[in-house]
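Work through the exercises below with the model open. Each task is followed by a solution in steps.

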Amino acid sequence: MKLLKIASVLLAMTAPLAMAQTSNWKADSAHSEVGFSIKHLGISNVRGRLGKVEATIVYDEKDITKSTVNATIDVSGLDTGNSSRDNDIKSDSYFGVEKFPSATFVSTSVAKGGSGLQISGNLTLHGVSKPVVLDVDGPTAPITGMDKKPHSGFSASTTIHRLDFGIGPNTPTAIVSDEVKITIDLDVAKQ
């Protein structure tokens, strides 16, 4: 009976430690960005970036493959450095930002792969959800930020097909490629 009591006390003491193995991290939107690159006329790449990124990572410190990612990206903040082109891309002919001002990513799995991670999830863009896989470098070793919180970094990339998301269906792929390379850089702070 005494052994049972000791075991119960030990279990009660270790429960908070098991729960403490996950932590919440949020993107520092001033130091995080989603960029894209798309081939124009088959000869040059047009690059741009999207607006503010809000992301939350539930990081399982014991087993990173049990971590989760949720992100919202402000598509209406799209910027290619050319306001005429930006207005065209934001129009109903492409992103339709008045109706679809943001994109979301929700992870479905995290796996170790190569020198980093592969994060699978559902990307919702232009009102269409499709599975994507992000190739991720990170997390970097945490450092203390100006806000006195631990910060870590992630860089990720993937390639999507714009036509799968109903973006620019009337634009021939000889003019604007179907493949869009996406890059993501996140500075995340522990909450």
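The exercises go from the whole chain to single residues.

This is a predicted model, in which local features need pLDDT of at least 70, side-chain atom pairs count only at pLDDT 80 or more, and totals for chains, interfaces and linings use all residues. Residues are numbered from 1 along each chain as its sequence is written, and side-chain values use heavy atoms, with hydrogens and water left out.

**Exercise 1.** State which secondary structure elements the protein has and their order.

Solution. Helices (H or I, at least four residues) and strands (E, at least two) are DSSP runs, numbered from the N terminus. The protein has two helices and 11 strands. Along the sequence the pattern reads α-β-β-β-β-β-α-β-β-β-β-β-β.

**Exercise 2.** Classify Ser-152 as buried or exposed, and describe its surroundings.

Solution. Step one: Ser-152 lies in strand 10, residues 150-161. Step two: buried means under 20% relative accessible area, exposed over 50%, and partly exposed in between (1.4 Å probe, protein chains only). Ser-152 has 7%, so it is buried. Of the 191 residues of the protein, 36% are buried too. Step three: contact means heavy atoms within 4.5 Å. Leaving aside neighbours within four places in sequence, Ser-152 contacts Trp-25, Pro-139, Thr-140, Leu-186, Asp-187 and Val-188. Step four: the Ser-152 side chain reaches the backbone oxygen of Thr-140 at 2.6 Å.

**Exercise 3.** Classify Ile-175 by accessibility and locate it.

Solution. Ile-175 is in the loop between strand 10 and strand 11 (176-190). Its relative accessibility is 37%, so Ile-175 counts as partly exposed.

Methods: Polar contact = N/O pair within 3.5 Å; in protein donor to acceptor, adjacent residues only side chain to side chain.
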